[in-house]
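Let us go through this structure step by step, beginning with its charged side chains and then turning to the fold and its interior.

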Amino acid sequence: MYCLTALDDSGRIRDRSLLAALGWAPGTPVEVCEREGLIVVARGPAGVFRVTGQGFVVLPAAVRHWCGLRPGDRVLVVADPGAGWMVVHPPAALEAMVSAVHTAVWGGEPR
């Protein structure tokens with residue numbers, strides 16, 4: 001499952017549809033980390049962070065900074081309900097993925 005959504009001023013992921021699909025209710029403990037320029041959010045009892053009372057996931061400021069995210073940035077969020085995680089793809093990661101695919105499609109030749 002996936003969605004395109006924006007971050008607000010406090011780092012909240014505005015779309016909550018994936019949280020519902022994951023079954024993450026307010027108070028659910030989550031772990032948040034950066035991996036290869038992506039942000040991984042996973043449910044876990046050792047999670048330092050929690051789904052807010054309003055049902056949002058908030059990306060910590062340090063993680064947003066590492067990934068170059070700013071308020072209003074649109075991100076691709078991919079969730080795997082069976083595995084209990086979601087991955088946030090910042091604009092720079094999306095650009096790299098799209099560029100790689102287009103290079104493969106066009107055989108490395110600009111069009």
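How many salt bridges does the structure hold? In this predicted model, the structure holds one salt bridge. The two side chains that meet in it are those of Arg12 and Asp8, with a distance of 2.5 Å from N to O. Side chains of opposite charge can pair when their charged atoms come close. The two partners can also be described by their accessibility: Asp8 counts as buried because its relative accessibility is 10%, under the 20% limit, whereas Arg12, at 28% relative accessibility, counts as partly exposed.

Asp8 also appears in the surroundings of another arginine, Arg64, which has its place in helix 2, covering residues 61–66. Arg64 is buried and yet has no salt bridge. The nearest side chain of opposite charge to Arg64 is that of Asp8, 7.0 Å away, and because a salt bridge requires a nitrogen within 4 Å of a carboxyl oxygen, Arg64 and Asp8 are not counted as such a pair. When neighbours within four places in sequence are left aside, Arg64 is in contact with Leu7, Asp9, Ser10, Gly11, Leu59 and Leu69. Over the protein as a whole there are 10 positive and 10 negative charges, and the mean positions of these two sets are 7 Å apart.

With the charges placed, we can turn to the fold. The protein contains three helices and six strands, and along the sequence these follow one another in the pattern β-α-β-β-β-α-β-β-α. Taken along the principal axes, the C-alpha atoms fill a box of roughly 50 × 30 × 20 Å. Of the 111 residues, 38% are buried, and the protein exposes about 6500 Å², of which carbon and sulfur atoms supply 56%. Among contacts with a separation of 6 or more, 56% are accounted for by residues 24 or more positions apart.

Which residues have the most contacts inside the largest nonpolar core? This core has 22 residues, and those with the most contacts inside it are Trp24, Ile39, Val41, Val57, Leu59 and Met86. Two or more residues of the core come from each of helix 1 (17–22), strand 2 (29–35), strand 3 (38–43), strand 5 (74–80) and strand 6 (85–89). Met86 shows how widely separated parts of the sequence come together: not counting residues up to four places away, Met86 touches Ile13, Leu19, Leu22, Trp24, Ile39, Val40, Val41, Val57, Val77, Val78 and Ala79.

Two further residues add to this picture of the interior. Val87, in strand 6, is buried, with a relative accessible area of 12%. Apart from neighbours within four places in sequence, Val87 is in contact with Leu38, Ile39, Val40, Leu76, Val77 and Val78. Val87 and Val105 are 18 residues apart in sequence, while their C-alpha atoms are 25 Å apart in space. Leu18, which lies in helix 1, is likewise buried, with a relative accessible area of 4%. Leu18 and Met86 are 68 residues apart in sequence and 8.3 Å apart in space, C-alpha to C-alpha. With neighbours up to four places away left aside, the contacts of Leu18 are Met1, Tyr2, Cys3, Val77, Val78 and Ala79.

Other residues are less covered. Gly23, in the loop between helix 1 and strand 2, is partly exposed, with a relative accessible area of 46%; Gly23 and Ala83 are 60 residues apart in sequence and 11 Å apart in space, C-alpha to C-alpha. Glu34, found in strand 2, counts as partly exposed at 32% relative accessibility, and, not counting residues up to four places away in sequence, Glu34 touches Trp66 and Cys67.

Finally, is Glu36 buried or exposed? Glu36 counts as exposed, because its relative accessibility of 80% is over the 50% limit, and this residue is found in the loop between strand 2 and strand 3. The backbone of Glu36 also deserves a look: although Glu36 is not a glycine, its phi is positive, at about 55 degrees. Most residues other than glycine have a negative phi.

Terms used. Residues numbered from 1 in each chain as written. Predicted model: local features only at pLDDT ≥ 70, side-chain atom pairs only at ≥ 80, totals over all residues. Heavy atoms only, no water. Helix = DSSP H or I, 4+ residues; strand = E, 2+ residues; numbered from the N terminus. Buried < 20%, exposed > 50% of the residue type's maximum accessible area, 1.4 Å probe, protein only. Contact = heavy atoms within 4.5 Å. Areas by Shrake-Rupley, 256 points an atom, 1.4 Å probe, with all protein chains shown as cover. Lys, Arg positive; Asp, Glu negative; His and termini not counted. Charge placed at Lys NZ, Arg CZ, Asp CG, Glu CD. Core = buried A, V, L, I, M, F, W, Y, C linked by side-chain atoms within 4.5 Å.
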